[in-house]
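Please take a moment to look over the sequence and the 3D structure before reading on. The paragraphs below are meant to be read with both in view.

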2 protein chains.
Amino acid sequence: MPEAKANKTATEAAVEAATEAAGGAADEAPDPTRPRRRRQARGEARIAQLLRAAADVFCTSGYTASSTNAIAREAGVSPGTLYQFFPNKEAIAVELGDRLLDRWRDTYGAAFAQSHTELPLDRMLDAVLDPLIAFNCENPAFFVLMHGSEIPGQITEAHDTLHATMLTRVESVLADYLPDMPAPQIHRIAEMAFMVFKAGLDLVMASEGEERTAYIQELKTVMFRYLHPLVGDDASCPAPTERIDTP
Amino acid sequence: MPEAKANKTATEAAVEAATEAAGGAADEAPDPTRPRRRRQARGEARIAQLLRAAADVFCTSGYTASSTNAIAREAGVSPGTLYQFFPNKEAIAVELGDRLLDRWRDTYGAAFAQSHTELPLDRMLDAVLDPLIAFNCENPAFFVLMHGSEIPGQITEAHDTLHATMLTRVESVLADYLPDMPAPQIHRIAEMAFMVFKAGLDLVMASEGEERTAYIQELKTVMFRYLHPLVGDDASCPAPTERIDTP
DNA sequence: GGCAAACACGAGTAGTCGCTCGCGTTTCTC
DNA sequence: GAGAAACGCGAGCGACTACTCGTGTTTGCC
């Protein structure tokens, strides 16, 4: 027990059970003293079902306002069944967050990998932003869990780590373009670009169809105009005026 | 009773009591059948005290996670005393929101009034944004109540109205500059500028001292670069490159 | 087939929250 | 000074929450 948390009885059990629920890589170091049986396929299906239900409920009500009973009801099972697979409410959010986070890391990893090749800024924004926007539109629960202010500590931690990782990535790209700029200012620019993206994403996710497309374009325009003066006046980058009129 | 809400018993009483708590303009149409006595100075002081406490607690915990008992404790009174002045928890947030909203309207009214004179864009941004930023820094509860996702219906309503009003204002300014641009696109630009401001404000409010100053500058830079291509290439507006290096 | 463990249920438990109520104190009005 | 109303208290109520437990069913393994 690395940390000494006094009174929370659930937390310890939560971690191992949630890890087990993940079912993935950490498979088994089968303790011979207790040769436990394997989770059945039915159980995995229930977990997926509960996680889908939780994503729905979290999206419509937020984390704190979502009751475990409501999640169970949405999944069509009893509260007892829910607690067969998750030790507590937080573990549900953590497991859901972890799974989404894994897929998110793949998404943005691929997006940023492309940007290494020296594309003009507008093409680079397309290459980077489009997959990230698509992911968030397909997984609205990700946005809720990552940017909600009412989220349990464990997810907040994971989000902070992720945020720092992505920020570092953006900072190093910026530092490539701007070797003379002091680090704190690069940090601020990266942070601001990030916040602007999130703000625009909010607008994108709140709209649909053609309007959504228009907001995506508008978000790219903001990012383009913000970053264009920073990445130099290469001929590879069109002048900002090209983006003024009808997109 | 203009609306017919069926089962919420508290709502009706809430409105009149909260209005009375406001104590302000709607003073009295003294029903002769029930010549009620006036609120004492002590009571007004308690209300202010409770509202200050509520602002504190809402800021640190958010609305839903703040218990009325916690607010009463923070104010140093008993729960019963709290309910002497507010019919329910929502009414506390509504009253607090209303008072902040009044002051906010003054603030942004004054800010936008100045902008009517045709300043260069960077000066106009200073004139408009500085007071708005200052207000939010001095009243963090305003940000929490207006942009929180877990807020009761009555405040959300008020916020939506405010949002629409400010948006219209921004749209009309933009329409002055861009008479040829279709209305839906002007709407999107205004909405995006608004969201960018909110995002930057988040960053500003999370920092302090010199860092805050730097983020304020960075926020203005984003807004400037976003809007500059839109307001024409007047000599009154400096080229965007002027803002690249050390601010 | 039989046994043990995973799965499933849902009424029930402890705790918290918004809010009330009875009663005592202070202040205003006459 | 007397009556009324505003003010103040805090134990406690009902509703709701996260979570449990005893019991019964399904499944995998020998």
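What follows is a walk through the chains, their shared core and the surfaces near the DNA.

The model is a predicted one, and a sensible place to begin is with a single protein chain. Chain A has ten helices and zero strands, and from the N terminus on its elements run α-α-α-α-α-α-α-α-α-α. Of the 247 residues of chain A, 28% count as buried. If we consider the contacts in chain A with a separation of 6 or more, 63% of them are accounted for by residues 24 or more positions apart.

One residue of chain A can serve as a worked example. W104(A) is found in helix α5, which covers residues 89–115 of chain A. Is W104(A) buried or exposed, or partly exposed? A residue is called buried if 20 or more other C-beta atoms lie within 10 Å of its own, and exposed if there are 12 or fewer; because W104(A) has 19 other C-beta atoms within 10 Å, it is partly exposed. When its neighbours within four places in sequence are left aside, W104(A) is in contact with F135(A) and F142(A). W104(A) and P131(A) are 27 residues apart in sequence, and their C-alpha atoms are 9.9 Å apart in space.

We can now turn to how the two protein chains are arranged. Chain A can be laid on chain B with an RMSD of 0.1 Å, by a turn of 180 degrees and a shift of 0.0 Å along the axis. The two copies are thus related as by a two-fold rotation axis.

Where the chains meet, 27 residues of chain A are in contact with 27 residues of chain B. On the side of chain A that touches chain B, α9 and α10 of chain A each supply at least two residues, and α9(A) gives the most, with eleven residues. By type, the residues of this side divide into 15 nonpolar, five polar and seven charged. Since 100% of the interface residues of chain A are also interface residues in chain B, the copies meet through the same surface.

The helices of the interface lead us on to the largest nonpolar core, which has 44 residues, and in which A193(A), V196(A), M223(A), A193(B), V196(B) and M223(B) touch the most other members. The elements that give two or more residues to this core are α8 (153–177), α9 (183–205) and α10 (209–227) of chain A, together with α8 (153–177), α9 (183–205) and α10 (209–227) of chain B. To see one of these core residues in its surroundings, find M223(B), which touches L125(B), A193(B), V196(B) and F197(B), if residues up to four places away in sequence are not counted.

The helix that holds this residue deserves a look in both chains. In chain A, α10(A) has 19 residues and reaches 27 Å from its first C-alpha to its last, close to the 27 Å expected at 1.5 Å a residue. The buried residues of α10(A) include Y215(A), L219(A), M223(A) and L227(A), and what covers the buried residues of this helix includes α6 (121–138) and α9 of chain A together with α9 and α10 of chain B. In chain B, α10(B) likewise has 19 residues and reaches 27 Å from its first C-alpha to its last. Among the buried residues of α10(B) are I216(B), M223(B), F224(B) and Y226(B), and the buried residues of α10(B) pack against α9 and α10 of chain A together with α6 (121–138) and α9 of chain B.

The last stop is the DNA. Which residues come nearest to DNA strand D? Of the 25 residues around this strand, they are S67(A), N88(A), K89(A), G43(B) and G80(B), so both chains take part, as the names themselves show. The elements that each supply at least two residues of the surface near DNA strand D are α2 (41–61), α3 (68–75) and α4 (79–85) of chain A together with α2 (41–61) and α4 (79–85) of chain B. It is α4(B) that gives the most to the surface near DNA strand D, with four residues, and the residues of this surface divide into six nonpolar, twelve polar and seven charged.

For DNA strand C, 25 residues surround the strand, and the closest are G43(A), G80(A), S67(B), N88(B) and K89(B). Here α2 and α4 of chain A, together with α2, α3 (68–75) and α4 of chain B, each supply at least two residues of the surface near the strand. The largest share of the surface near DNA strand C, four residues, comes from α4(A), and the residues of this surface divide into six nonpolar, twelve polar and seven charged.

Conventions:
Residues numbered from 1 in each chain as written. Chains lettered and ligands numbered in written order. Predicted model: local features only at pLDDT ≥ 70, side-chain atom pairs only at ≥ 80, totals over all residues. Core = buried A, V, L, I, M, F, W, Y, C linked by C-beta atoms within 7 Å. Contact = placed C-beta atoms within 7 Å. Nonpolar A, V, L, I, M, F, W, Y, C, P; charged D, E, K, R; others polar. Near = placed C-beta within 6 Å. Least-squares fit on C-alpha atoms with pLDDT ≥ 70 in both. Expected span 1.5 Å × (residues − 1).
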